[in-house]
Amino acid sequence: MASREQRFLGRKIPGALQVTKAEGSFIFDDRGRKYIDFVMGWCVGNFGWGNEVLTNAAAEFDGPDYVFPGHSYGPWTELAELLASISPGKLMKSFRATGGSEAVDIALQAAMVHTGRQKFLSLEGSYHGNAIGGLSVADSKNRQQCRNLLPHCYKVELPLDNEALERIDKFLKTEEFAAFIMEPISVNLGVLIPEMEFMTELAKLCRRYGTLLIMDEVATGFGRTGTLFASERYHLEPDIMCIAKAVTGGLGGLGATITTAAVARSMEENGSYYSTYGWHPRSVHVAIATIHYITTHQKQLLGIVNEMSEYFRSRLSQLRFKGVANHSIAGMAIGLELDTDDYASDIQAKCQRNGLLITAEGSTLLLLPSLNIDQAIAKQGLDILERCI
């Protein structure tokens with residue numbers, strides 16, 4: 001299999017884990033071995049693999065194979081209305097996308113079209129997808145591999161403190177920036193949780209200088225951080241929000257760029273956008289079921305998230321890592337900052353050999369369990385982690 005993948009897939013090193021089945025909080029490989037999944041597709045399987053509500057929706061779908069984007073399709077409107085009903089602030093209209101990278105690109109275009117400006121500001125080291133636009137506004141290291149990314153993309157260095165706000169003010173006061181884009185809680189930055197004061201002042205600066213505020217909620221949306229959207233933790237009213245991943249629970253590819261009425265009007269009048277597979281009928285059917293599932297069980301689901309978040313916090317604080325280990329936890333987004341990259345990678349590899357899937361990003365271990373994980377399964381996973389540190 002590895003040989004075939006090397007010939008036919010665009011990856012340097014095929015993954016050692018050949019997945020054959022996923023169920024609840026478990027992944028199974030081609031040898032029949034079971035793994036506890038603390039990755040969940042990097043915030044895709046928020047509600048567990050094989051969630052009955054979502055799988056039933058996929059199985060019961062009885063619609064067209066495809067709808068040409070130039071035609072009308074009733075469920076598109078239904079899904080857009082549902083997204084508007086649960087989105088923070090005055091986000092009203094959705095632009096169809098196949099996933100997060102496309103949603104971010106649409107957001108950047110919409111910001112330029114609406115403001116007539118070309119520049120963007122974002123966090124250094126961030127991640128916003130793998131398309132050219134997302135690479136341009138993310139980690140500056142991307143420019144070492146792709147030297148012809150979008151120009152006029154500026155970065156704010158961490159930490160997010162008063163000095164960072166002063167730098168942002170200096171940038172934005174030129175009134176040349178179309179948007180500031182960030183994850184409200186940056187998962188790829190070790191679950192970076194900004195202070196309320198920082199986010200409040202950031203929103204004020206954007207409003208003052210006519211810069212749009214784009215919240216990338218592709219990873220943080222749909223309950224991951226303990227609120228339906230992480231923007232709600234800060235009482236933000238973004239001009240544009242990007243969503244994807246958990247909206248279909250892994251049963252279809254779907255993303256959306258959700259904007260205010262004013263931004264949507266500019267995009268409709270002067271934007272240039274087309275997505276062949278944006279909001280495929282089957283994916284839309286599952287996404288509608290997902291949102292109904294979330295809204296019906298929201299109180300119970302978020303209650304479990306916050307209860308289990310405290311359980312993870314308590315257990316992790318008791319583990320004795322080599323050297324310093326700082327944890328950052330928002331709901332079921334959990335980051336463990338260790339001393340070295342090698343140590344984090346070593347723990348990840350040991351965990352996988354012992355039946356636990358986690359991910360290492362540099363010196364950070366990331367744990368992203370399902371939102372409805374059973375405490376007994378969580379304990380099993382954390383017991384494996386403890387044995388591997």
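Modeller: A residue is called buried under 20% relative accessible area, exposed over 50%, and partly exposed in between, with a 1.4 Å probe and protein chains only. This is a predicted model, in which local features need pLDDT of at least 70, side-chain atom pairs count only at pLDDT 80 or more, and totals for chains, interfaces and linings use all residues. Residues are numbered from 1 along each chain as its sequence is written, and side-chain values use heavy atoms, with hydrogens and water left out.

Biologist: How many salt bridges does a search of the whole structure find?

Modeller: Side chains of opposite charge can pair when their charged atoms come close. A salt bridge here is a side-chain nitrogen of Lys or Arg within 4 Å of a carboxyl oxygen of Asp or Glu. Searched throughout, the structure gives a total of 11.

Biologist: Which residue forms a salt bridge with Lys93?

Modeller: The closest N and O atoms of this salt bridge are 3.0 Å apart. The pair links distant parts of the chain, 175 residues apart, with Lys93 in strand β4 (residues 93-97) and its partner in helix α10 (residues 261-270); helices (H or I, at least four residues) and strands (E, at least two) are DSSP runs, numbered from the N terminus. Lys93 is partly exposed because its relative accessible area is 38%, and the partner, at 48%, is partly exposed as well. The partner of Lys93 is Glu268.

Biologist: In which helix do Lys204 and Glu201 both lie?

Modeller: These two side chains form a salt bridge, their closest N and O atoms being 3.6 Å apart. Lys204 is partly exposed because its relative accessibility is 46%, and Glu201 is partly exposed because its value is 27%. The two residues are 3 apart in sequence, about one turn of the helix, and that helix is α9.

Biologist: How far apart in sequence are Arg315 and Glu386?

Modeller: Arg315 forms a salt bridge with Glu386, with 3.3 Å between the closest N and O atoms. Arg315 belongs to helix α11 (residues 281-318) and Glu386 to helix α13 (residues 375-387), so the link is between distant parts of the chain, and the separation is 71 residues.

Biologist: Is Arg315 buried or exposed?

Modeller: Salt bridges that share partners join Arg315, Lys379, Asp383 and Glu386 into one network. Within this network, Glu386 is partly exposed because its relative accessible area is 40%. Arg315 has a relative accessible area of 12%, so this residue is buried.

Biologist: Which side chain of opposite charge is nearest to Asp37?

Modeller: Asp37 lies in strand β3 (residues 34-37). Asp37 is buried yet has no salt bridge; its side chain does make a polar contact of 2.9 Å with that of Trp49, the term meaning a pair of N or O atoms within 3.5 Å, where within protein one must be able to donate a hydrogen and the other to accept it, and residues adjacent in sequence count only if both atoms are side-chain atoms. Lys and Arg count as positive and Asp and Glu as negative, while His and the chain ends are not counted. At 8.9 Å from Asp37, the nearest side chain of opposite charge is Arg224.

Biologist: What is the C-alpha to C-alpha distance between Ile86 and Leu228?

Modeller: Ile86 is in helix α4 (residues 74-86). Ile86 counts as buried because its relative accessibility is 13%. Although 142 residues separate Ile86 and Leu228 in sequence, their C-alpha atoms are apart in space by 8.2 Å.

Biologist: Which two residues does a cis peptide bond join?

Modeller: Most residues other than glycine have a negative phi, and most peptide bonds are trans. The proline concerned is found in the loop between β6 (153-156) and α8 (162-172). With omega of about 5°, the cis bond joins Leu158 and Pro159.

Biologist: What is the phi of Cys43?

Modeller: Cys43 is placed in helix α2 (residues 40-43). Cys43 counts as buried because its relative accessibility is 0%. Its phi is positive although Cys43 is not a glycine, at about 75°.

Biologist: What is the phi of His152?

Modeller: His152 sits in the loop between α7 (142-145) and β6. His152 is partly exposed because its relative accessible area is 34%. Phi of His152, a residue other than glycine, is positive and near 65°.
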